[in-house]
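Here's a quick briefing to read alongside the structure. Take a look at the picture first, then work through the points below.

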Amino acid sequence: MAEETHNVGTEMAEATTTENETNIKDRKVSWGQLRRVDSLNLEAGKLSLNFTHNQENWRRTMMLAFQSIGVIYGDIGTSPLYVFDSCFPDGIIKDKNDILGVLSLIIYTLILVPMIKYVFIVLWANDNGDGGTFALYSLICRYANVSLIPKEQPEDRQLSNYRLDTPSNQLRRAQKIKRKLETSKTAKLVLFLLTILGTSMVIGDGVLTPSISVLSAVGGIKGLNQDAVVYISIGILIIIFSVQRFGTDKVGYSFAPAVFLWFVFICVIGLYNLFTHDLGVLRAFNPKYILDYFRRNGKRGWVSLGGVVLCITGTEAMFADLGHFNVRAVQISFSGLVFPSLLAAYAGQAAYLTKFQDHIGHTFYDSIPDPFYWPMFVVAIAAAIIASQAMISGAFAIISQSLSLSCFPRVKVVHTSAKYEGQVYIPEINYLLMAACVLVTFGFKSTENIGHAYGIAVVAVMLITTCLVTLIMLMIWKTKIWWIALFFTVFFSIELVYFSSVLYKFVQGGYLPLAFSLALMILMGIWHYAQQQRYAFELKNKVPGSYIEELVKNQSINRLPGIGLVYSELVQGIPPIFSHFISNIPSVHSVVVLVSIKSIPISKVALEERFLFREVQPRDYRIYRCVVRYGYKDVIEEPKVFECQLVQHLKDFLRDTHYMLAHDDVPPQLLNDDAAKPRKSSSSAVHVEESLELRLSSGSIRPGPVVLPGALEEDMQAVDRAMDQGVFYLIGEAEVVANHESSLLKKLVINYAYSFLRKNFREGEKMLAIPRNKLLRVGMTYEV
């Protein structure tokens, strides 16, 4: 099925490439074919011709496969430290064949979930190479307008990264599902809640993984009591979080050898135990032992599934960290090294337990031959630290993605590497995670107790992934319905059984990830809801085009030297904060750019496609609208760099506009901003600008050097002169309050909860790193 899906995706990509080439060849477009000239659409036609997908050679793939060992598999690789202990929590093996039953469960869990589901199916559901819950959500958002904040524009679909795999519109099923999603507020809300729930659970893993990994590794020191193990573990955890600020830019090369050595060790020791103690445990490959196990143990066997599921902890990391590697690299590393090593390790432990059933409490370390004990202990500590590092880095990356989609309050994000994308450090989150890890380790004290909590987080994320991938199969891949039914039925049933088992331990620690996720979901939901209400207010109260015409006639308005950048989230018109500023300070800069920073549901936006400009009439007043588009993995540049990029793209836009005016004799009224009447999208009540019936590539319409007209020279000189005089930033400090007619719940959410978050997290200008000596903040109250 995965191969079929991949082939379909390849064909779609080839079809899209052919379509793009055809569009580029259509260089001459008559203005008579256009309803009007929309400069945002003009710029949207620019396509990055340098954006190509390099063919992956095997040498590079193998190198990435080796690096992935150090980043992805630390968590699932350290599971043998505690799985068998967690399967028999009372320390009693009533029947020798129970060992075979548990081993059989572990074998088929590893085969079905990490191998078949993730490696051969889910990895292909990536968003331009990126994985994880947010990547699935952004992929769905691209193909259906399901975002709760109405920022979609027709121009976004022209991005080279936006729709690499263009779905065919032939199948009615996909179109019907798409329409239902776009028209149902309930469906949009459920999809959003599923996404932030999955995200919250993964962040919860950033608390539980370091605790259980380090605690289980330190537990191998012979002669230490439990309290000593706990305090040593806490010390190691504090060190791990303290060094996060130095970054993990060399994580792949630094950690891969240590984790590779770990897998080699557990494989060799597993094979040694297998051949030394009982080769007969390989009978566990017969699934009959699973049925016999449940027949003998009944409810006790069902409860033990909460321990078995720990063998696949970290599976989601294969998908979440895909952006650093590629699908083939992850498939090779898991299938060639990780999977066989884990099978050998678990089979070896089972063989050891058949001879020493009373050693169930410390199976991993007791099964190590004496000469290998201390080397193995050192490697185990290193592997535990690496597993912790991977999940902490993953939590940082997910929160960074959440910020770009307006799903998390503003926090400081430090990009620690120019080489490895997605390597970020968030100080506030780092110390909160450290405090949570220390409290969990001190409170639960043992891997068995933490395992009760850990299982719920692991299985919940897998259930959400199954649901989202099923939706992608239905709507985007258009897979045959019986394949979809098989995928959903098999994996949802398996994960649901495991989930029911881990929930049984709810009062013994299982409540922790649910409580943690609920708190995060409430925080993310409040922030996203308030941002949605704020945007809706700006959209409803945007400034009409006639206001600018009146502004031009007003002699009391002073023109200040320099370029004024007025920041707003509104992408569809002039924000109300602009008129509020003018009414309080009757001055405007010689060049004004109304800037909107917009997140696109893709990972990266090419620089040449980032800026969309449009003139606000009258033209000689030099006011421009600009939408600056970023993917959820893009980094917002330093102010100096951003200013230069914006001005350069503004000048390019002016050249294109003047050239088209000069050569096609466009009636000036077609450029009038008033012609852009808001209309409602057919799929949702979102106001968008009129689109060109035919897209233009402004980079391809100039056959040679163009003589600059006098008007263009004047505009270019005005922009250069203003740039030399300085760039100044105007940011609206909007206080969002619920109106008097709002419900009590809405007033509590907006007036108290959101207000508290806004005051205690970072401000907008700090996120953009704007120099204070160039900043002017304008206060305004939004009644939503």
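Let's start with one residue: leaving out residues up to four places away in sequence, leucine 136 touches Ala125, Phe319, Thr465, Leu468, Val469 and Ile472 (contact means heavy atoms within 4.5 Å). Keep in mind that this is a predicted model, where local features need pLDDT of at least 70, side-chain atom pairs count only at pLDDT 80 or more, and totals for chains, interfaces and linings use all residues. Residues are numbered from 1 along each chain as its sequence is written, and side-chain values use heavy atoms, with hydrogens and water left out.

**More on leucine 136**
- You'll find leucine 136 in helix α7, residues 133-143 (helices are DSSP runs of H or I with at least four residues, strands are runs of E with at least two, and both are numbered from the N terminus).
- Leucine 136 is buried, with a relative accessible area of 0% (buried means under 20%, exposed over 50% and partly exposed in between, using a 1.4 Å probe and protein chains only).
- Its C-alpha atom is separated by 8.2 Å from that of threonine 465, although the two residues are 329 residues apart along the chain.

**The whole chain**
- The protein chain has 27 helices and 10 strands.
- Of its 784 residues, 58% are buried.
- Take the contacts with a separation of 6 or more: 86% of them join residues 24 or more positions apart.
- About 32300 Å² of the protein chain is exposed, and carbon and sulfur atoms supply 59% of that (areas come from the Shrake-Rupley method with a 1.4 Å probe; for residues, only the protein chains shown count as cover).

**Aromatic rings**
- There are 24 aromatic pairs (rings of Phe, Tyr and Trp, using its six-membered ring, pair if their centres lie within 6.5 Å; planes under 30 degrees apart are stacked, over 60 edge-to-face and the rest tilted).
- One of them is the tilted pair of tryptophan 527 and tyrosine 754, at 5.1 Å centre to centre and with 45° between the planes.
- Tryptophan 527 sits in helix α21 (residues 511-540) and tyrosine 754 in helix α26 (residues 744-760), so this pair ties together parts 227 residues apart in sequence.
- Tryptophan 527 is buried at 2% relative accessibility, and tyrosine 754 is buried at 1%.
- A cluster linked by ring pairs takes in Trp262, Phe364, Tyr365, Tyr373, Trp374 and Phe377.

**Charges over rings**
- Lysine 445 lies over the face of phenylalanine 442, 4.3 Å from the ring centre (NZ of Lys or CZ of Arg must be within 6 Å of the ring centre and within 35 degrees of the ring normal).
- Arginine 559 lies over the face of tyrosine 621, at 4.1 Å from the ring centre.
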